[in-house]
Amino acid sequence: LWDRANALYKRRSQQMMSHQSGAEFHNRYPYSGKIVCEEHGTSFHRQVVKRKNGETETWQCREYRNRGRAGCAAPQLRTTELDQIMAGIFNQLARNKQAIIDAVVTVLQSIPDEHDHAQDLRRIEEDLSAIQAKKDRLLEMSIEGVISTAEFKQRNDGFNEQAKVLEERLAALQAEVEKGQQTAAQMEKIRAALEEELTFQNGINSALVTTILDHIVVKKSSNSEGLLLVIYLKFGGPWGAVFERENSSFRCSPS
């Protein structure tokens, strides 16, 4: 059974590895495969533009990449612009931030402890006491001449090895208990982290975009001065967004 399980594990691992490179490429960027040109129905592809002040990540219609401006009049989209728009949408979705934070903390606090550490600690301590009693009795037998010195050493070394293993397990369990006692402090850190994330002051979290965004349609009326987008999330109705590039301002609302 062990050999069959390992053979199955190895075969599945090889299958995963064979598909890993393609999956990694697709999931490397949150907007990959999710931006669609309304005019041509084709996806936008990632392009890195190098300038003196650094690199800018943009997205171009496939027709534009193949034939230039003659192929598609849709403007290039900058990732920073998309992030700004998505942050605005998420900010509206998460208006009652405190309620969201309280809900997450409540869920975390309600997760039961899967292990009875107190019972495990008690058992290990009892086993250690039993080993120590055996060692004491073994020493008495050696003093009384009931067993030889060689036999005493062999048995004593065995007891010491058992005690070492138990002491290591005891130390690990005590560390778990200490972690549990820090729960209150951890929850405060989680609250602070959630509040920071939900303000989107440091930009949008790419994992959040990947999780919630279904796709974005770039409308035909978009141009180099402004973007008109329809954003489809994986829940609820679509959102309309208008982005004015001159002052980097935008407005978005549910369609």
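# Strands and partners

User: Hello! Which residue in β4 stands opposite W59?

Analyst: This is a predicted model, where local features need pLDDT of at least 70 and side-chain atom pairs count only at pLDDT 80 or more, while totals for chains, interfaces and linings use all residues. Residues are numbered from 1 along each chain as its sequence is written, and side-chain values use heavy atoms, leaving out hydrogens and water. Strand β3 (residues 54-61) and β4 pair in the antiparallel sense over two bridges. Opposite W59 you will find L77.

User: Which strands are at the edges of the three-strand sheet?

Analyst: Strands are DSSP runs of E with at least two residues, helices are runs of H or I with at least four, and both are numbered from the N terminus. Two strands pair if DSSP finds at least two bridges between them. This open, antiparallel sheet has the order β2-β3-β4. Pairing on one side only, the edge strands are β2 (44-51) and β4 (77-78).

User: Why is one side of β1 left without a neighbour in the sheet?

Analyst: β1 belongs to an open sheet of five strands with mixed pairing, ordered β1-β5-β6-β7-β8. β1 (35-37) and β8 (249-254) stand at the edges, so one side of each has no neighbour, because each has a single partner strand.

User: And which residue in β5 stands opposite I35?

Analyst: β1 and strand β5 (residues 213-218) pair in the parallel sense, over three bridges. In β5, the residue opposite I35 is I216.

User: Is V104 buried, partly exposed or exposed?

Analyst: V104 sits in helix α4 (residues 97-110). Buried means under 20% relative accessible area, exposed over 50%, and partly exposed in between (1.4 Å probe, protein chains only). With a relative accessible area of 31%, V104 is partly exposed.
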